[in-house]
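Dear colleague,

Please find below the structure for your examination. My findings follow after it.

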Amino acid sequence: DHRGRCRTRTYASSVVTVPRHIVCVTGAVRDPAGRILRVRNDRGWEMPGGQVEVGEAPREALRREVKEEAGCDIEVGRLFGVYSNVTLGLLILAFECSFVGGRVRAGMECTDAGWYEADEAAKLAGAGPAADRIRDSVAASSAVIFRSYERDASGSFIAVRDVPSARGTGSRGSTDRNHRHD
């Protein structure tokens with residue numbers, strides 16, 4: 001069901017339904033000791049990030065979001081993951097980042113912020129998409145990871161693959177929590 005996430009446009013003599021998605025960014029921010037920055041908000045512990053505003057580049061949006069949520073400055077590096085929440089119409093771009101300066105503190109929309117070792121950061125995330133992103137951020141891979149999620153009848157997220165893998169074996173609806181798309 002795409003109600004609320006699509007709009008109708010008329011081109012020449014045909015009517016086309018155009019899907020609307022919200023583009024978001026998140027960052028695996030590391031300090032010189034290799035610890036990962038985590039923020040706590042109403043969804044739990046996550047890597048900092050948020051929505052890309054109109055007219056804003058993704059890397060610029062990530063720098064702004066980290067400053068707002070955790071009070072620090074970062075250098076945005078390589079894209080390591082693309083995550084699609086098909087239920088909510090979210091497309092999340094995940095980047096590796098380096099801490100540049102500032103004092104880490106809970107900022108807007110957050111109740112806590114701090115540095116955590118990778119295994120501790122993964123435990124804070126629990127299960128689901130946020131946990132997958134933190135695990136993907138510490139995986140030793142140069143490939144960009146793609147994951148797609150939708151909610152099942154119980155409201156839990158399930159992973160679905162909606163693009164073929166590099167081997168051409170993927171099909172919509174198959175579960176695959178470890179899909180890498182090069």
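The notes below cover confidence, the nonpolar cores and one helix.

This is a predicted model. The mean pLDDT of the chain is 80, with 75% of the residues at 70 or more. Helix α1 (residues 58-70) has the highest confidence, at 97, whereas strand β1 (residues 6-11) has the lowest, at a mean of 54. Two stretches call for particular caution. Over residues 1-6 the pLDDT stays under 50, and the model has 12 contacts for them beyond four places in sequence. The pLDDT is also below 50 over residues 162-182, a stretch with 45 contacts in the model beyond near neighbours in sequence. Where pLDDT is low, the predicted coordinates should not be read in detail.

Turning to the interior, the largest nonpolar core comprises 21 residues. Leu37, Leu62 and Ile74 have the most contacts inside this core. Two or more residues are given to it by each of β3 (22-30), β4 (36-41), α1, β7 (72-85), β8 (90-102) and β9 (112-116). Leaving aside neighbours within four places in sequence, Leu62 is in contact with Val25, Thr26, Gly27, Pro48, Gly49, Ile74, Val76, Phe95 and Cys97. Another core, of 16 residues, lies apart from the largest one; Trp45, Met47, Ala125 and Tyr149 are among its members.

Helix α3 (residues 129-138) is largely enclosed by the rest of the structure, because 8 of its 10 residues are buried. The buried residues of α3 are Pro129, Ala130, Ala131, Asp132, Arg133, Ile134, Asp136 and Ser137.

With kind regards

Conventions. Residues numbered from 1 in each chain as written. Predicted model: local features only at pLDDT ≥ 70, side-chain atom pairs only at ≥ 80, totals over all residues. Heavy atoms only, no water. pLDDT = per-residue confidence, 0-100. Helix = DSSP H or I, 4+ residues; strand = E, 2+ residues; numbered from the N terminus. Contact = heavy atoms within 4.5 Å. Core = buried A, V, L, I, M, F, W, Y, C linked by side-chain atoms within 4.5 Å. Buried < 20%, exposed > 50% of the residue type's maximum accessible area, 1.4 Å probe, protein only.
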